[in-house]
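Me: Please take a close look at one part of this predicted model, the interface of domain 1 and domain 2. Which contacts cross it, and which elements of domain 1 take part?

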Amino acid sequence: MKITEANVFVGGPGKNYVTLKLMTDQGIYGLGDATLNNRETLPAAYLNDYLIPNLIGRDPRNSEDIWQYFYRGAYFRRGPIAMAALGAVDMALWDIKAKLANLPLYQLLGGKSREAALLYAHATGPDLNSLMDSIDFYREQGYSAVRVQCGIPGMPTTGYGVDSQGDSNRQYITDFSGIHPREEIWDTDLYMRYMPDALMRIREHFGPELKLLHDVHHRLLPREAAEFAKSVEPVKLFWLEDPTPAEDQNALKLLRQHSTVPIAIGEVFNSIWDCKELIENELIDFIRVAVTYAGGITPVKRIVDLAALHHVRTGFHGAPSHSPLCMAAQAHLNVWAPNFGIQEYLTLNTPECDALFPSQHRVAGGLHYISDAPGLGVDFDENEAKRYSYQPGSHPIVRLRDGTLWNY
Ligand code: KDG
Ligand code: MG
């Protein structure tokens, strides 16, 4: 069996999805996602210029050797661009392998450990009251877990999709405003004064059952993160996400000494090496890698197995910048993983997205039910794809009030 042709498509309804299609001499094709949010043309170029020319003629069933060939074989390895491109190749190879076996992919991982995977939605609001309305909205849809973020009085923006001026979910509305980022202001003191109380009011209002998650988006210094984690302990969060920038893993030690709040980290990680020490030192409770950014199903399965040894559960990244292909790859891992925790899920199933990526995967009552179609269970309509093209966009830049550049 040989790979005969490969094509990359960039574009989509409201997002620049980077989709890889690998064709074989047996008519079976595989699909993968290489979308690197706001840097989409780069994994596409990496695929077109380096990976695809070296894929043609290879046997797609040798997914491990192909993964090693592109990972070890690239002298300058790792990094989000190379790993997103490799992630798409690996996903497509698993898609082919499972289609060849005529099985849904999860069967090749070890079958089902559960019937459906728990999802969390994003509840947001410009202020606390509208955040509570947003939580109600998701509860009515059956969600038992929500990430809660709201605007902070006196802080015009938070830079992570929530601001106090009425625009509550900007991060997830397409920001195709061009290559120059808008600039937003962050004020740590205001956040530290306001957010612990706000989270406690949410807990009191909704009671003990609702799973509450909160994302700090890498904004705090280690000492501040330890203080914040300690102060939100009575809220009984399901997790506190990215309290500090992920580069300084030592920072988590201080937090751990002061708080038992469960910690979730990893959405910016690209390899097992980025999370090895966090997992082995048991400094986190949930690992948040995404199958696309971390190089595919092959390496993420290794991360999940390592995490299981250290009581770390999965909580894969599921921002809408991941296409339904990445979300499907994660869904297969989620039904299999013995140490599954939760899956982030932001509604992708608009009619336009469903037309571009037809699938039988189903979300209901805050749970993801896996498709039993062979492979990943997601298709790609190339005719639909002709409606879309690449649109430049950018994450915001965040500054402190004095102008100091801060972490987005
Ligand atoms: O591209 C960056 C987004 O995916 C990120 O800001 C989303 O923090 C995020 C989350 O938890 O989904
Ligand atoms: Mg996050």
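Reply: Across the interface of domain 1 and domain 2 in this predicted model, eight residue pairs are found in polar contact, both partners having a pLDDT of 80 or more. On the side of domain 1 that touches domain 2, at least two residues each come from β3 (29–33), α2 (63–71) and α3 (80–101), and of the elements α3 gives the most, with ten residues. Sorted by class, that side of domain 1 holds 16 nonpolar, twelve polar and six charged residues.

As for charge pairing, two salt bridges are counted between domain 1 and domain 2. A salt bridge is also found between E64 and R302, whose closest N and O atoms lie 2.7 Å apart; by the domain bounds, domain 1 covers 3–104 and domain 2 covers 109–374.

Turning to the extent of the interface, 34 residues of domain 1 are in contact with 36 residues of domain 2, and the two domains bury about 2600 Å² between them, with 62% of that area on carbon and sulfur atoms. Of the area that domain 1 buries against domain 2, 21% is supplied by Y17, M91 and P104, which is more than any other three residues supply. The centres of the two domains, taken over C-alpha atoms, are separated by 26 Å.

Taken together, the side of domain 1 that faces this interface includes 16 nonpolar residues, while the contacts that cross the interface include eight residue pairs in polar contact and two salt bridges.

Key:
Residues are numbered from 1 along each chain as its sequence is written. Chains are lettered from A and ligands numbered from 1 in the order in which they are written. This is a predicted model: local features need pLDDT of at least 70, side-chain atom pairs count only at pLDDT 80 or more; totals for chains, interfaces and linings use all residues. Side-chain values use heavy atoms; hydrogens and water are left out. Domain bounds come from an automatic or database domain assignment. Contact means heavy atoms within 4.5 Å. Buried area is the accessible area (1.4 Å probe) that two parts lose on being put together, summed over both. A salt bridge is a side-chain nitrogen of Lys or Arg within 4 Å of a carboxyl oxygen of Asp or Glu. A polar contact is a pair of N or O atoms within 3.5 Å; within protein, one must be able to donate a hydrogen and the other to accept it, and residues adjacent in sequence count only if both atoms are side-chain atoms. Helices (H or I, at least four residues) and strands (E, at least two) are DSSP runs, numbered from the N terminus. Ala, Val, Leu, Ile, Met, Phe, Trp, Tyr, Cys and Pro count as nonpolar, Asp, Glu, Lys and Arg as charged, and the others, Gly among them, as polar.
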